[in-house]
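Reader: Could you please go through this structure with me? I am in my first year and would like to begin with the basics.

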Amino acid sequence: MTVIKHLAAAAAVSLALTGAAHAAEALPTTGALVVVPAFGEVKHANDQAVATFAIEEQDKDKAAAASRVNQKMKQGVDILKKADPQASLKTQGYYTYPVYPEDRPLPNGQVAKPRVPTSWRVGQYVEVTTTNLEALPKTAAAAQKVLTLNNLNFGLAPETTKKLDDQRIAATYKNLNERINSIATAMGRKVGDAVLETVDFEGSGNYAQEGARAAPMMMRAKAADSMEVAEPSFEPGETTLEMRLVGKVRFK
């Protein structure tokens, strides 16, 4: 009798689970609104570089320091224009800082005298935007005879980004359709029963991030204009353009 009772109980549990499974499968989806996120991306080799060159001088005479900066910046800009005539140049970030002597502890009761600068730091930056990546190492080496390479970023030219828009949109929309197919299958519905009500494209991603400029540094070793500089090595890499969208699908 005990065995029979156990078998009866097991059968009852099995029937209950089967009934629950059927109930879950029979969950109505008519009129259901499903929100579907989708994602797409395309990759492309970087074809643009933004390089920042700098010059800094320090002198007790502020005018002398400024004069040398102005002269060397002009030399550097002329070199850049000659090395890469198609590049876009923009001078920026002119600064003049006083340099004070190191503070020393004063005896008790002694009043500190007004601080007087011992020298002046003067500097300026020039930003170079170019798509001539093949000649970039030679251009940088030529400019480094006078200037210092302060920062360098690779990215995509605006024209390239525009051309890739079609591919990004197509990849993202394809992902949306794939996910809708998967969702319809999981719900036990046909894709033909789904109606796409809304597609909300949301472009995302920083495609030409500008790195933070390094703090001005004193160039203690000054390179002579006649000294040759070995060409640096650059690897442009690639950029990934991303896009997200959200679709709203209603099942009939």
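Author: The following exchange goes from the overall fold to the cores. Please keep in mind that this is a predicted model.

Reader: How many helices and strands does the protein chain have?

Author: The protein chain contains four helices and seven strands. Along the sequence, they are arranged in the pattern α-β-β-α-β-β-α-β-α-β-β.

Reader: And what share of the residues is buried?

Author: Of the 252 residues in the protein chain, 28% are buried. The accessible surface is about 16,300 Å², and carbon and sulfur atoms account for 55% of that surface.

Reader: Which residues touch the most other members in the largest nonpolar core?

Author: That core has 17 residues, and those touching the most other members are Phe53, Met73, Leu80, Val126 and Leu147. At least two residues each come from strand E2 (48-59), helix H2 (62-83), strand E4 (119-130) and helix H3 (136-143).

Reader: Which of these gives the most?

Author: H2 does, with six residues in this core.

Reader: What does Leu147 touch?

Author: Leaving aside residues up to four places away in sequence, Leu147 touches Phe53, Ala54, Ile55, Lys72, Met73, Gly76, Leu80 and Val126. Apart from the core of Leu147 lies another core, of ten residues, including Ala38, Ile180, Ala194 and Leu245.

Reader: Changing topic, what share of contacts joins residues at least 24 apart?

Author: If one takes the contacts in the protein chain between residues at least 6 apart in sequence, 88% of them join residues at least 24 apart.

Key: Residues numbered from 1 in each chain as written. Predicted model: local features only at pLDDT ≥ 70, side-chain atom pairs only at ≥ 80, totals over all residues. Heavy atoms only, no water. Core = buried A, V, L, I, M, F, W, Y, C linked by side-chain atoms within 4.5 Å. Buried < 20%, exposed > 50% of the residue type's maximum accessible area, 1.4 Å probe, protein only. Contact = heavy atoms within 4.5 Å. Areas by Shrake-Rupley, 256 points an atom, 1.4 Å probe, with all protein chains shown as cover.
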